[in-house]
Amino acid sequence: MMKRRSVCGLLCVLPGAALWAQPSVFRFDGEDYAQQFVGAPANGDRLVEFVRPTERLNNWTRLVGLRYQQMPFLGNDPVAAALRLEQVVMKANPQARTSVMSNEAKTDATIDFLTWTDGQDIMEFNVFRYVKSPDGRGLVSLQVAQRFHSGQPQVAEKLRETRASWVRQVVQYDMGSVSKVVLAPR
């Protein structure tokens, strides 16, 4: 009788535990990324970052970031968030290349940019997509990023291919699944 109760108790607890479990893997562009960081400030915002399984946050070459951010100062507007990020990027590097796009209803915005730090040959390419959270009280975003050396052979051609592919994939990505990760109960 005791064994049966233990098994029944375990079966009742496991589904609840699964609700709080964070995914340890995120799949993008045909690759699996391992969870490396979860940030949850007291204000309710959330950040979950994934990198390639062989990399860490201090040496990543590809990163996926999922965010929930409350931005009432921007009206939790996806287009305003993308334009604000563009301003931040351009302030840090006035020579950076950026592109902001949105759907006709302006409920979905994507920004991609290429930036670098003066005096370094490391470049970083990012694509962010912003949508309103399901409750409308914040924004949910998907970020994909790649770092690379500017001196790599055929870097411009590879970047053009990566940009076209990543922007398409990010725009088509199911943001409901991103919301589920960043809005999961803690």
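Biologist: Leaving aside its neighbours within four places in sequence, which residues is Asn 76 in contact with?

Modeller: Ground rules first: this is a predicted model, where local features need pLDDT of at least 70 and side-chain atom pairs count only at pLDDT 80 or more, while totals for chains, interfaces and linings use all residues. Residues are numbered from 1 along each chain as its sequence is written, and side-chain values use heavy atoms, with hydrogens and water left out. Contact means heavy atoms within 4.5 Å. With that cut-off, Asn 76 touches Gln 69, Gln 70, Met 71, Lys 132, Gly 136, Arg 137, Gly 138 and Leu 139.

Biologist: Is Asn 76 buried or exposed, then?

Modeller: The scale goes by relative accessible area: buried is under 20%, exposed over 50%, partly exposed in between (1.4 Å probe, protein chains only). Asn 76 comes out at 7%, so it is buried. Its side chain also makes a polar contact, reaching the backbone nitrogen of Met 71 at 2.6 Å. (That term covers a pair of N or O atoms within 3.5 Å; within protein, one must be able to donate a hydrogen and the other to accept it, and residues adjacent in sequence count only if both atoms are side-chain atoms.)

Biologist: What is the phi of Asn 76?

Modeller: Most residues other than glycine have a negative phi. Asn 76 has a positive one, near 50°. Gln 154 is another case, with phi near 55°. Their settings are worth putting side by side: Asn 76 is in the loop between E4 and H2, and Gln 154 in the loop between E8 and H3. Gln 154 counts as exposed, at 56% relative accessibility.

Biologist: How many helices and strands does the protein have?

Modeller: Both come from DSSP runs numbered from the N terminus: H or I over at least four residues for a helix, E over at least two for a strand. Here there are four helices and eight strands, running α-β-β-β-β-α-β-β-β-β-α-α from the N terminus.

Biologist: In what order do the strands sit in the sheet?

Modeller: Two strands pair if DSSP finds at least two bridges between them. Follow E1-E2-E3-E4-E8-E7-E6-E5 and you have walked across an open sheet of eight strands with antiparallel pairing. E1 and E5 are the edges, each with a single partner, so one side of each has no neighbour in the sheet. Neighbouring strands are turned by 20° against each other on average, ignoring direction.

Biologist: How many bridges join E1 to E2?

Modeller: Four, and the two strands run antiparallel. Val 25 faces Ala 34 across the pair, and Phe 26 stands opposite Tyr 33. The hairpin leaves two residues between E1 and E2, and Asp 29 in the turn has a positive phi of about 55°. Next along, five bridges join E2 to E3; that hairpin has six residues between its strands, with Gly 44 at a positive phi near 100°.

Biologist: Which strands does H2 touch?

Modeller: H2 packs on the sheet against E5, E6, E7 and E8, with its direction at about 10° to that of E6. H4 packs on E3, E4, E7 and E8, at about 95° to E8. The axes are lines fitted to C-alpha atoms, for helices over the stretch in contact, and angles run from 0 to 180 degrees between N-to-C directions. Among the buried residues of H2 are Ala 81, Leu 85 and Val 89. Residues three or four places apart on an α-helix point the same way, because there are 3.6 residues a turn. At the N-terminal end, Asp 77 caps H2: a side-chain oxygen lies 2.9 Å from the backbone nitrogen of Val 79.

Biologist: Which residues have the most contacts inside the largest nonpolar core?

Modeller: Nonpolar side chains tend to be buried together in soluble globular proteins. A nonpolar core is a set of buried Ala, Val, Leu, Ile, Met, Phe, Trp, Tyr and Cys residues joined through side-chain atoms within 4.5 Å. The largest one here has 27 residues, with Phe 28, Val 64, Leu 66, Leu 142 and Val 144 making the most contacts inside it. H3 gives the most to this core, with five residues. Leu 142 touches residues including Phe 26, Val 127, Val 170, Tyr 173 and Val 178. A second, separate core of 15 residues includes Leu 74, Ala 80, Ala 96 and Ile 111.
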